[in-house]
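Work through the exercises below with the sequence and the model side by side. Each task is followed by a solution that goes step by step.

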Amino acid sequence: RELGYDRLLEKTAASIPDARDRLDYVVKMTEQAAVRALNAIEAAQPIQDRLGDDAERLSANWQKLFDKQLGVEEFKTLVAGTRDYLADVPKQTRATNAQLLEIMMAQDFQDLTGQVIKKITLLAQDMEQQLVHLLVDLVPADVRSEIDRGLLNGPVVNAAAGPEVVTSQNQVDDLLASLGF
């Protein structure tokens with residue numbers, strides 16, 4: 001309290017439920033997107049299977065024609081079947097495209113959840129810095145002089161920036177060990 005950390009810790013502790021709610025939001029949005037994508041795939045799969053099966057059947061019948069194994073009536077049936085197939089293909093491709101669009105639209109969650117995750121990441125970094133500073137301030141004076149101040153800079157993004165940044169979990173462990181934890 002004398003160091004003023006009581007309000008800081010209270011603020012940090014108060015932000016944890018919000019972070020938990022935000023993570024729950026990310027989980028729900030991700031789950032909804034996955035369900036939407038899977039449903040669209042399940043809807044498109046039979047359309048594609050039918051198109052492929054019909055094309056294979058027609059191809060086999062056309063091969064029989066080229067092998068001179070079809071009579072005149074069978075040829076007329078083949079031509080009518082091919083005409084029907086070709087007339088149906090645009091409808092089926094539109095249906096498949098609609099499902100592909102649904103899969104693409106299901107990915108809109110990423111922008112929203114990315115923003116939420118960034119906010120939670122900033123909260124976690126802030127909490128980490130506050131707790132490390134609190135630990136350092138509470139260390140007995142005889143141990144405080146032994147603390148490597150370079151270890152108090154948090155996680156490193158660019159290790160080439162200088163030697164004063166934390167570059168590994170071992171350095172974090174060393175800091176905590178020097179503090180008696």
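**Exercise 1. Classify Phe75 by its relative accessible area, then describe the aromatic pairs around Trp62.**

Step 1. Phe75 has a relative accessible area of 34%, so this residue is partly exposed, where buried means under 20%, exposed means over 50% and partly exposed lies in between, with a 1.4 Å probe and protein chains only. The model is a predicted one, in which local features need pLDDT of at least 70 and side-chain atom pairs count only at pLDDT 80 or more, while totals for chains, interfaces and linings use all residues. Residues are numbered from 1 along each chain as its sequence is written, and side-chain values use heavy atoms, with hydrogens and water left out.

Step 2. The structure holds two aromatic pairs, a pair being rings of Phe, Tyr and Trp (its six-membered ring) with centres within 6.5 Å, called stacked when the planes are under 30 degrees apart, edge-to-face when over 60 and tilted for the rest. Trp62 and Phe66 make a tilted pair, with 6.3 Å from centre to centre and 35° between the planes.

Step 3. Both Trp62 and Phe66 belong to helix H1 (residues 5-66), where they sit four residues apart, about one turn of the helix; helices here are DSSP runs (H or I, at least four residues), and strands are runs of E of at least two, numbered from the N terminus. Trp62 is partly exposed because its relative accessibility is 26%, and Phe66 counts as exposed because its value is 60%.

Step 4. The ring centres of Trp62 and Phe75 are 6.3 Å apart with planes at 90°, so this pair is edge-to-face. Because Trp62 lies in helix H1 and Phe75 in helix H2 (residues 72-106), the pair ties together parts that are 13 residues apart in sequence. Trp62, Phe66 and Phe75 form one aromatic cluster.

**Exercise 2. Compare the span of H2 with its expected value, and find where H2 bends.**

Step 1. The expected span is 1.5 Å times one less than the number of residues. For the 35 residues of H2 this gives 51 Å, which agrees with the 50 Å between its end C-alpha atoms.

Step 2. H2 bends by about 30° at Val89, with a proline, Pro90, following within four residues; the bend is the angle between axes fitted to the seven residues ending at a residue and the seven starting there.

Step 3. The buried residues of H2 include Leu78, Thr82 and Tyr85.

**Exercise 3. Which helices do the salt bridges Arg36–Glu102 and Asp88–Arg50 tie together?**

Step 1. The count comes to six salt bridges, each being a side-chain nitrogen of Lys or Arg within 4 Å of a carboxyl oxygen of Asp or Glu.

Step 2. Arg36 and Glu102 form one of them, with their closest N and O atoms 2.7 Å apart. Arg36 lies in helix H1 and Glu102 in helix H2, so the pair ties together parts that are 66 residues apart in sequence.

Step 3. Between Asp88 and Arg50 the closest N and O atoms are 2.8 Å apart. Asp88 lies in helix H2 and Arg50 in helix H1, so this pair ties together parts that are 38 residues apart in sequence. Asp88 is partly exposed, with a relative accessible area of 21%, and Arg50 is partly exposed at 39%.
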